[in-house]
Amino acid sequence: MAKSKVAMMTKVKTFEIQEYDIPAVGDDEMLIRVEGCGVCGTDVHEYKDDPFGCLPIILGHEGTGEIVKLGKNIKSDTVGNLISVGDKIVTSIIPCGQCEPCMTSPEKTELCEGMGCYGLTPDDELHLNGWFAEYLFIRKGSTFFKVNEFDVNTRIMIEPLAVGVHAVERAKSTGLITFNTFCVINGAGPIGISVLTVLKTMGIQNVIMIDGNDSRLALAKKIGASVTLNFKHFASNQDLIKEVIRITKVGAGFVFQTTGNATGFSNALKFVKRGGGVCEVGYFVELGEVNINPHTDICHKEITLVGSYAYTPQTYPITIDMIRRALEIGIPISDMVTHWYPLEEISQAFDKNMSMEGLKIAVGPKTL
């Protein structure tokens with residue numbers, strides 16, 4: 001029987017390369033040969049502390065690969081595109097369809113309380129349920145999308161770009177995003193860069209990108225940020241806030257907070273102008289509390305604050321169209337994947353991610 005290597009996380013900060021039999025593919029199942037998978041901040045949180053209580057687990061949810069076996073009942077992807085062996089796919093979340101959000105707000109399945117996701121599900125008897133492996137076993141009822149037109153780097157970026165698309169859609173729901181809105185993105189990691197990409201495809205001209213990493217800020221400039229600010233170059237946090245207000249004259253019309261830390265959220269409330277908006281995108285796990293002043297930060301400014309959590313399967317076709325537009329206008333999405341590691345060096349890939357070097361770190365058979 002054919003076998004697949006997997007990177008099994010057996011305990012906190014520990015991967016073991018293990019090998020398992022590849023299950024027989026049933027009529028409603030697929031076998032995918034993994035071509036690569038990005039390391040997400042959520043993966044790193046699980047690696048450090050197991051906040052989801054998923055051990056043992058095969059991580060990896062930003063993956064892509066090729067269909068090598070296809071059950072006879074599967075004719076098309078989630079949006080109806082015909083598929084066959086050899087097609088390239090990505091996967092999305094799997095809503096349970098039974099919880100209160102799924103039943104009462106089916107358009108908001110990102111709030112599903114029983115959400116399934118390859119790479120964030122504990123190990124089971126079939127084993128191949130995360131993208132940090134040689135093969136992924138797609139179960140009945142999954143959501144997946146054919147993406148043959150894109151290179152492997154671009155396909156790996158579809159999931160984080162979907163997070164960016166959903167965040168911008170949440171921001172648009174406030175009515176505060178227009179062509180002349182002066183936006184600030186606080187944090188130039190993969191999610192901040194994804195938000196920037198979405199804004200540029202929409203024609204938003206004025207975007208300030210803030211980060212402490214010059215190489216990430218250089219990429220932001222290449223994508224189309226009108227101003228980049230390295231917060232390490234300011235003597236104090238107050239000086240950084242003053243500079244944002246100086247550039248925008250009155251403060252940002254809209255701020256996307258993508259840093260995933262408490263100070264970043266506090267700053268976002270200081271960057272925004274009166275009557276502006278803030279979207280918090282950076283907290284996917286519990287990272288602590290933050291002090292705010294309800295009067296000066298919220299009420300006096302009368303800001304509109306929205307949260308953004310992940311995405312829905314319906315976000316993916318929107319994201320794919322957004323990527324087509326981004327490529328048309330020359331946004332270098334493939335360049336967002338900066339480092340590749342083979343499966344056997346997954347620990348080094350996580351170390352590289354945690355060092356904040358590069359942007360998107362990928363694991364898989366491809367090497368750069």
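Where in the chain is the place of Met 115?

## Met 115 and its surroundings

In this predicted model, Met 115 lies in the loop that runs between helix H2 (100-104) and strand E7 (135-138). With a relative accessible area of 28%, Met 115 is partly exposed, because that class takes in residues between the limits of 20% for buried and 50% for exposed.

Leaving aside residues up to four places away in sequence, Met 115 touches Ile 93, Ile 94, Thr 109 and Glu 110. The C-alpha atom of Met 115 is also separated by 5.7 Å from that of Cys 96, a residue 19 positions away along the chain.

## The chain as a whole

The chain contains 11 helices and 16 strands, and its C-alpha trace spans about 65 × 40 × 40 Å along the principal axes. Its radius of gyration is 21 Å, which agrees with the value near 21 Å for a compact globule of 368 residues.

Of these 368 residues, 55% count as buried, while the accessible surface of the chain comes to about 15400 Å², with 51% of that area belonging to carbon and sulfur atoms. When contacts between residues at least 6 apart in sequence are considered, 68% join residues at least 24 apart.

## The second largest pocket

The second largest pocket has a volume of about 180 Å³, and the residues of its lining divide into eight nonpolar, one polar and three charged. Among the lining residues are Arg 33 and Val 34, the run Trp 131, Phe 132, Ala 133 and Glu 134, and, from further along the sequence, Pro 342, Leu 343, Glu 344, Val 363, Gly 364 and Pro 365.

Notes
Residues are numbered from 1 along each chain as its sequence is written. This is a predicted model: local features need pLDDT of at least 70, side-chain atom pairs count only at pLDDT 80 or more; totals for chains, interfaces and linings use all residues. Side-chain values use heavy atoms; hydrogens and water are left out. On a 1 Å grid over the protein atoms alone, a cavity is a set of points where a 1.4 Å probe fits but cannot get out, and a pocket is an open set with protein on both sides within 12 Å along at least five of seven lines; lining residues have an atom within 4 Å of a point. Grid points are joined across faces, edges and corners, and a volume is the space filled by probe spheres set on the points. Ala, Val, Leu, Ile, Met, Phe, Trp, Tyr, Cys and Pro count as nonpolar, Asp, Glu, Lys and Arg as charged, and the others, Gly among them, as polar. Helices (H or I, at least four residues) and strands (E, at least two) are DSSP runs, numbered from the N terminus. The radius of gyration is taken over C-alpha atoms; the globule rule is 2.2 Å times the number of residues to the power 0.38. Buried means under 20% relative accessible area, exposed over 50%, partly exposed in between (1.4 Å probe, protein chains only). Contact means heavy atoms within 4.5 Å. Accessible areas come from the Shrake-Rupley method with a 1.4 Å probe; for residues, only the protein chains shown count as cover.
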